[in-house]
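Student: I am new to this structure and would like a close look at a single part of it. Please choose one part and describe, in one connected answer, where its residues lie and what they touch.

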Amino acid sequence: EKNDVVRPDTTSFNTVMHAWTHCHNNINNSNKHISDEKEWCVSERVMKLLLMMESIHRDNYQKQQTASDAPNTLKNVIPNTASYSIAIKAWGVTAAQKAAQYLKDSNRNRR
């Protein structure tokens, strides 16, 4: 019997993080006030995934060092340069959203 379970790898995580980084277009184009919760949504979600990747990789490394017989089901999850670049871009998106909202609010207050 073959085990046909699909397991995430680095590319899977990077693809999801990349998608979250680009979801800000829908928020910005809605012409609604962006709440703090939505502003931080992009960067926080991406960072949670990146931290999860780091944790999986660290756990796998520790299993390898201790010669553990525990199954290594996510052995192909290793954060790479693309993972960290996507996280940096997500924080840039958050900063741009905050700057745009600040400019909008300060212009409103001047009137």
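**A close look at helix α4**

Tutor: Among contacts in the protein between residues at least 6 apart in sequence, 81% join residues at least 24 apart, a contact being a case of heavy atoms within 4.5 Å. Before going on, please keep in mind that this is a predicted model, in which local features need pLDDT of at least 70 and side-chain atom pairs count only at pLDDT 80 or more, while totals for chains, interfaces and linings use all residues. Residues are numbered from 1 along each chain as its sequence is written, and side-chain values use heavy atoms, with hydrogens and water left out.

The setting comes before the part itself. The secondary structure consists of four helices and zero strands, and from the N terminus on the elements run α-α-α-α; helices here are DSSP runs of H or I with at least four residues, strands are runs of E with at least two, and both are numbered from the N terminus. Of the 111 residues of the protein, 27% count as buried, where buried means under 20% relative accessible area, exposed means over 50%, and partly exposed lies in between, using a 1.4 Å probe and protein chains only.

The part I have chosen is helix α4, residues 81-110. This helix has 30 residues and reaches 44 Å from its first C-alpha to its last, close to the 44 Å expected at 1.5 Å a residue, the expected span being 1.5 Å times one less than the number of residues. At the start of α4, the backbone nitrogen of alanine 82 has a side-chain oxygen of asparagine 80 within 3.1 Å.

The buried residues of α4 are Ser83, Ile86, Ala87, Ala90, Val93, Thr94, Gln97, Gln101 and Ser106. Serine 83 counts as buried because its relative accessibility is 0%, and its side chain makes a polar contact of 2.7 Å with the side chain of asparagine 14. A polar contact is a pair of N or O atoms within 3.5 Å; within protein, one must be able to donate a hydrogen and the other to accept it, and residues adjacent in sequence count only if both atoms are side-chain atoms. Leaving aside residues up to four places away in sequence, serine 83 touches Thr10, Asn14, Met17, Leu50 and Met53. Its C-alpha lies 8.7 Å from that of histidine 18, although serine 83 and histidine 18 are 65 residues apart in sequence.

Further along α4, valine 93 is buried because its relative accessibility is 9%, and its C-alpha is separated by 7.7 Å from that of serine 43, 50 residues away along the chain. Serine 43 belongs to helix α3 and, at 0% relative accessibility, counts as buried. Apart from residues up to four places away in sequence, serine 43 touches Ala90, Trp91 and Thr94, and its side chain makes a polar contact of 2.9 Å with the side chain of threonine 94. Also in helix α3 is cysteine 41, whose C-alpha is 8.4 Å from that of threonine 94, with their positions 53 residues apart in sequence.

A nonpolar core, meaning a set of buried Ala, Val, Leu, Ile, Met, Phe, Trp, Tyr and Cys residues joined through side-chain atoms within 4.5 Å, also involves this helix. Of the 14 residues in the largest such core, Phe13, Met17, Val42, Val46, Met53 and Val77 touch the most other members. Helices α1 (10-22), α3 (36-65) and α4 each supply at least two residues of this core, and the largest share, six residues, comes from α3.

Toward the end of our chosen part, aspartate 105 forms a salt bridge with arginine 108, with the closest N and O atoms 3.2 Å apart. A salt bridge is a side-chain nitrogen of Lys or Arg within 4 Å of a carboxyl oxygen of Asp or Glu, and by this rule the count comes to one. Both residues lie in α4, three residues apart, about one turn of the helix. Aspartate 105 is partly exposed, with a relative accessible area of 24%, and arginine 108 is also partly exposed, with 44%.
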